[in-house]
Amino acid sequence: MMHDPLGCDDCPVREIAVCAGLGEVERRDLARLGRRKSYRRGETIFAAGDSSIACATLVSGAVKLSRFDAQGTERTVALLHPAGFLARLFAVEIDCTATALSDCTLCLFPRDVVERQMRSHSDFMERVLRATSEQLASAHNLIDLIGRRDARARVTGLLLIFAEGSCDGPLADGQLLDLPLTRGEVANFLGLTIETVSRQLTILEAEGAIAREGPRGIRLLRVAALAPPTD
């Protein structure tokens, strides 16, 4: 039996992560050169300006990618969910900071190994490029979300982003979401006040669209009520 150093056989994102684009032998070879690491909520995974020596697949938890402007203001540019790929390939250094939004686990790989596998295996390269494209689309969606004038649309949009990221298939009524952000973090993220965020959640609960369960649990009772209106 082949050694399974990263626990790939039991990996919850085995079939949807970028490494699924490799054959079994190639995946084992990649795993042999990687390591699995856990991070606590709030820990920095990659920092802007670091030499880009590693790539990572998010196995569990949630991660944000952010940049800081000249005034030191943080701007979140992407949110990653399980199976998300963190990397800045073919670049001298990382241009954003990756922070654990919740306790999370990642598989870390040397960057040169990933780049070599991309050159050798077209299916793997396709998955990496698709993951990069999805990350860019996520950044555009966040810019659109934060730019909305309506506070309700910002709050419901963020709930849907996290719900979709934690769901393997289409969203369905009754899904439970473990929101990895405090009310204050949601407010800062969306450019709202804590009072506005709390008020919007209270309204959504009164309408029967959501039900709050515990400190961060939110059950989506009526997904359609959270979707933005169509033009």
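**Group meeting: two sheets and two cores**

Strand 4, residues 63–68, pairs with strand 5 in the antiparallel sense, over six bridges. I start there, but one caution first. This is a predicted model. Its mean pLDDT is 82, and 88% of the residues reach 70 or more. Among the elements, helix 6 has the highest mean pLDDT, at 95. Helix 3 has the lowest, at 74.

Back to that strand pair. Look at S66: its bridge partner in strand 5 is T76. Now widen the view. Strands 4 and 5 belong to an open sheet of four strands. The order is 2-7-4-5, and the pairing is antiparallel. Which strands sit at the edges? Strand 2, residues 44–46, and strand 5, residues 74–80. Each of them pairs on one side only. On average, neighbouring strands in this sheet are turned by 35° against each other, direction ignored.

Next, the other sheet. Three strands form an open sheet here, in the order 9-11-10. Again, the pairing is antiparallel. Strand 9, residues 175–178, is one edge, and strand 10, residues 210–213, is the other. The twist averages 25° from one strand to the next.

Take the strand pairs in turn. Strand 9 and strand 11 run antiparallel, joined by four bridges. In that pairing, L176 stands opposite R219 of strand 11. What packs on this sheet? Helix 4 does, touching strand 9 and strand 11. The direction of helix 4 makes about 100° with that of strand 9.

Then the second pair. Strand 10 and strand 11 also pair in the antiparallel sense, over four bridges. I210 stands opposite L220 in strand 11. The hairpin of these two strands has three residues between them. Within the hairpin, G214 takes a positive phi near 75°.

Keep I210 in mind, and helix 4 too. Both come back in the largest nonpolar core, which has 31 residues. Which residues have the most contacts inside it? L79, L158, F162, L179, L190 and I210. Several elements give two or more residues to this core. They are helix 3 (122–146), helix 4 (151–165), helix 5 (183–190), helix 6 (194–206) and strand 11 (217–220). Helix 4 gives the most, with eight residues.

L190 is worth a closer look. Leave aside its neighbours within four places in sequence. What does L190 then contact? L145, I146, R154, V155 and L158. L158 is also on the list of residues with the most contacts in the core.

There is a second, separate core, of 22 residues. Among its members are C55, V59, C107 and F109. That takes us to T57. T57 lies in strand 3, residues 54–60. Is T57 buried or exposed? Buried: its relative accessible area is 6%, against a cut-off of 20%. Not counting residues up to four places away in sequence, T57 touches V13, A17, V18, A83, G84, F85, T105, L106, C107 and F109. C107 and F109 are the two we just met in the second core.

Last, helix 1, residues 24–32. The buried residues there are R27, R28, L30 and A31. Where do they sit around the helix? Seen down the axis, they fall within an arc of 160°, so they line one face.

That is the tour. Questions, please.

Methods
Residues numbered from 1 in each chain as written. Predicted model: local features only at pLDDT ≥ 70, side-chain atom pairs only at ≥ 80, totals over all residues. Heavy atoms only, no water. Buried < 20%, exposed > 50% of the residue type's maximum accessible area, 1.4 Å probe, protein only. Arc of directions from axis to C-beta. Core = buried A, V, L, I, M, F, W, Y, C linked by side-chain atoms within 4.5 Å. Contact = heavy atoms within 4.5 Å. pLDDT = per-residue confidence, 0-100. Pairing = 2+ DSSP bridges. Axes fitted to C-alpha atoms, helices over the stretch in contact; angles between N-to-C directions.
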